[in-house]
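Got the viewer open? Let's take a short walk, one selection at a time.

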Amino acid sequence: MATGGGDSETQTNARGDAGHRKPSLTWTFAAGAGIGVLGGMIGLGGAEFRLPLLIGLFGFLALQAVILNKAMSLIVVLTALPARLVSVPYAEVVAQWSVIVNLLGGTLIGAWVGATWATRMRSATLYRVLAALLVLIAIALAWSHFGGTGALDLSPVTRTVAGIAAGLAIGVVAALMGVAGGELLIPAIVLLFAVDIKTAGSLSLAVSLPTMLVAFARYSRDQSFQVLRGNAKFVATMSAGSIIGTVLGGLLLGVVPDAVLIPLLVSLLLLSSVKVWRHQ
């Protein structure tokens, strides 16, 4: 297997031989379910909450955590897509094919670039980058629920260019964090393409899936990918918990008012960013 071009510290950390905690499968499942509930209650998969847990609670190194998070995000998206098509008809999604293609023009490139950067960063730098991106996700989460800004009035050419640029940035962020990117894609789709938020959620999954596959393919070329082989049961168990939790969270959608839930989740992301920033 080819290795990435990172420095010696990154390559040593990426091998997966650093001692992380070995939690019980019951605890791993419970953690995944809790993450899924949080994500489901706001219509997302919860990967943005999973990443800090992988680092701070389970003790994985930054690059290991990103790759594990990407694998679990991919599993959750694959299971969520059919369910999403039940609530938003396939024909309605296909009718917006130009939005998907426009964003993919940027996200596919961004995913490859972001994954490449992650494999080449020093471990300490990657922790800082992840902390900053958690703050970005917190801001995006708050804006998407409380921003209230309507779609931008753009010419077709400007909208196309803006879509590619937004996709590029989102692809980089999603690859660096190991997330699907829905927390950024949904507001971008609403803002740039004037699509209602329910349809935007389905479109974001259609964009996320090929984008994650590209990032996953890039990570598979690096020796850090070995962390998946040594933690297959962990990934399967936490993914199962996340899927079930996401369904439960979806059923609880609207039970907790956004005015209470969103500030709590934003605060959780900001606190997590501080912990990741300080992580050694």
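Before you start colouring, a quick key: Ala, Val, Leu, Ile, Met, Phe, Trp, Tyr, Cys and Pro count as nonpolar, Asp, Glu, Lys and Arg as charged, and the others, Gly among them, as polar. Keep in mind, too, that this is a predicted model.

**Stop 1: the second largest pocket.** Select Phe49, Pro52, Leu53, Leu268 and Ser272, and centre the view on them. Of the 16 residues lining the second largest pocket, these sit closest to its centre. The volume of this pocket is about 260 Å³. Now show helix 2 (25-40), helix 3 (47-56) and helix 13 (258-278), the elements that each give two or more residues to the lining. Colour the lining by type and you'll get 10 nonpolar residues, 4 polar and 2 charged.

**Stop 2: helix 3.** Which helix provides the largest share of that lining? Helix 3 does, with 6 residues. Select the whole helix and add a surface: helix 3 is mostly covered, with 8 of its 10 residues buried. To pick out the buried ones, select Ala47, Glu48, Phe49, Arg50, Leu51, Pro52, Leu54 and Ile55.

**Stop 3: alanine 194.** Next, jump to the loop between helix 9 (182-193) and helix 10 (197-219), where you'll find alanine 194. Check the backbone here: phi of alanine 194 is near 55 degrees, a positive value in a residue that isn't glycine. Is alanine 194 buried or exposed? Its relative accessibility is 58%, and exposed means over 50%, so alanine 194 counts as exposed.

Definitions and conventions: Residues are numbered from 1 along each chain as its sequence is written. This is a predicted model: local features need pLDDT of at least 70, side-chain atom pairs count only at pLDDT 80 or more; totals for chains, interfaces and linings use all residues. Side-chain values use heavy atoms; hydrogens and water are left out. On a 1 Å grid over the protein atoms alone, a cavity is a set of points where a 1.4 Å probe fits but cannot get out, and a pocket is an open set with protein on both sides within 12 Å along at least five of seven lines; lining residues have an atom within 4 Å of a point. Grid points are joined across faces, edges and corners, and a volume is the space filled by probe spheres set on the points. Helices (H or I, at least four residues) and strands (E, at least two) are DSSP runs, numbered from the N terminus. Buried means under 20% relative accessible area, exposed over 50%, partly exposed in between (1.4 Å probe, protein chains only).
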